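Thanks for coming. I will go through one structure, strand by strand, and then stop at a couple of side chains.

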Amino acid sequence: MDAQTMTLSPSAAARVAAIAAKQGRPAILRLSVEGGGCSGFQYKFGLADAPEADDLAVEQDGVTLVVDSVSLDLVAGSVVNYVESLGGSAFKVENPQAASGCGCGSSFAI
């Protein structure tokens, strides 16, 4: 797998580092895709203790983004960003493969 197929933005890396430090965990963000959500697939985020053998791992500012090989097929080329607005703050995936998405940005269709 090509490490250039995913990008973790500096703002997302900073937020993961802050969360991981507060929880005393490694600064490793796992992105996975599950069936469901209002558009067909939904993004799932969580801290990981270590990358798995088949993960794609991308580093930004000392933080690692890991994506399993099955999910990577659905999110390759994406940028994981962290945005703050009046409506709240959240990790957002800018997925060039998504044909449509829901209003909240947590699910998508291909």
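**Strands and two buried polar residues**

I start with one pair: Glu84 has Ser89 of β7 as its bridge partner. Keep in mind throughout that this is a predicted model. That pair belongs to a set of 7 bridges joining β6 to β7, and the two strands run antiparallel. Helix α1, residues 10-23, packs on the sheet and touches β1, β6 and β7. The direction of α1 makes about 70° with that of β6.

Now the sheet itself. In what order do the strands of this open sheet come? The order is β1-β6-β7, so to read it across there are 3 strands, and the pairing is mixed. β1 (6-8) and β7 (88-94) stand at the edges with a single partner strand each, so each has one side without a neighbour in the sheet. From one strand to the next, the twist averages 25°.

Staying with β6, which covers residues 78-85, look at Ser78. Is Ser78 buried or exposed? Its relative accessibility is 0%, so Ser78 counts as buried. The side chain of Ser78 has two polar contacts to mention here. One goes to the backbone oxygen of Val75, at 2.6 Å. Another is with the side chain of Asn95, at 3.4 Å. Setting aside neighbours within four places in sequence, Ser78 is in contact with Thr5, Met6 and Thr7, and also with Val93, Glu94, Asn95 and Pro96.

Next, the other strands. β2 spans residues 28-35, and 6 of its 8 residues are buried, so the rest of the structure largely encloses this strand. Which strands does β2 pair with? With β3, residues 41-47, there are 7 bridges and the two run antiparallel. Within that pairing, Gly35 has Phe41 of β3 as its bridge partner. With β5, residues 63-67, there are 4 bridges, and here the strands run parallel. Arg30 is bridged to Val66 in β5.

As background, strands of a sheet pair through backbone hydrogen bonds, in either a parallel or an antiparallel way.

β5 also pairs with β4, through 5 bridges, and these two run antiparallel. Val58 stands opposite Leu65 in β5. β4 and β5 make a hairpin with 2 residues between them. In the turn, Asp61 has a positive phi of about 50°.

The last residue is Asp55, which sits in the loop between β3 and β4 (56-60). Why does Asp55 count as buried? Its relative accessibility is 13%, and the cut-off for buried is under 20%, so Asp55 falls in that class. What does the side chain of Asp55 make a polar contact with? The partner is the side chain of Arg30, at 2.5 Å. The Asp55 side chain also reaches the backbone nitrogen of Glu52, at 2.6 Å. Once neighbours within four places in sequence are left aside, the contacts of Asp55 are Arg30, Val66, Val67 and Asp68.

Put those together around Arg30. Arg30 has Val66 as its bridge partner in β5, and the Arg30 side chain has a polar contact with that of Asp55. Asp55 in turn is in contact with both Arg30 and Val66.

That is the end of the tour. Questions are welcome.

How values were computed. Residues are numbered from 1 along each chain as its sequence is written. This is a predicted model: local features need pLDDT of at least 70, side-chain atom pairs count only at pLDDT 80 or more; totals for chains, interfaces and linings use all residues. Side-chain values use heavy atoms; hydrogens and water are left out. Buried means under 20% relative accessible area, exposed over 50%, partly exposed in between (1.4 Å probe, protein chains only). Two strands pair if DSSP finds at least two bridges between them. A polar contact is a pair of N or O atoms within 3.5 Å; within protein, one must be able to donate a hydrogen and the other to accept it, and residues adjacent in sequence count only if both atoms are side-chain atoms. Contact means heavy atoms within 4.5 Å. Axes are lines fitted to C-alpha atoms, for helices over the stretch in contact, and angles run from 0 to 180 degrees between N-to-C directions.
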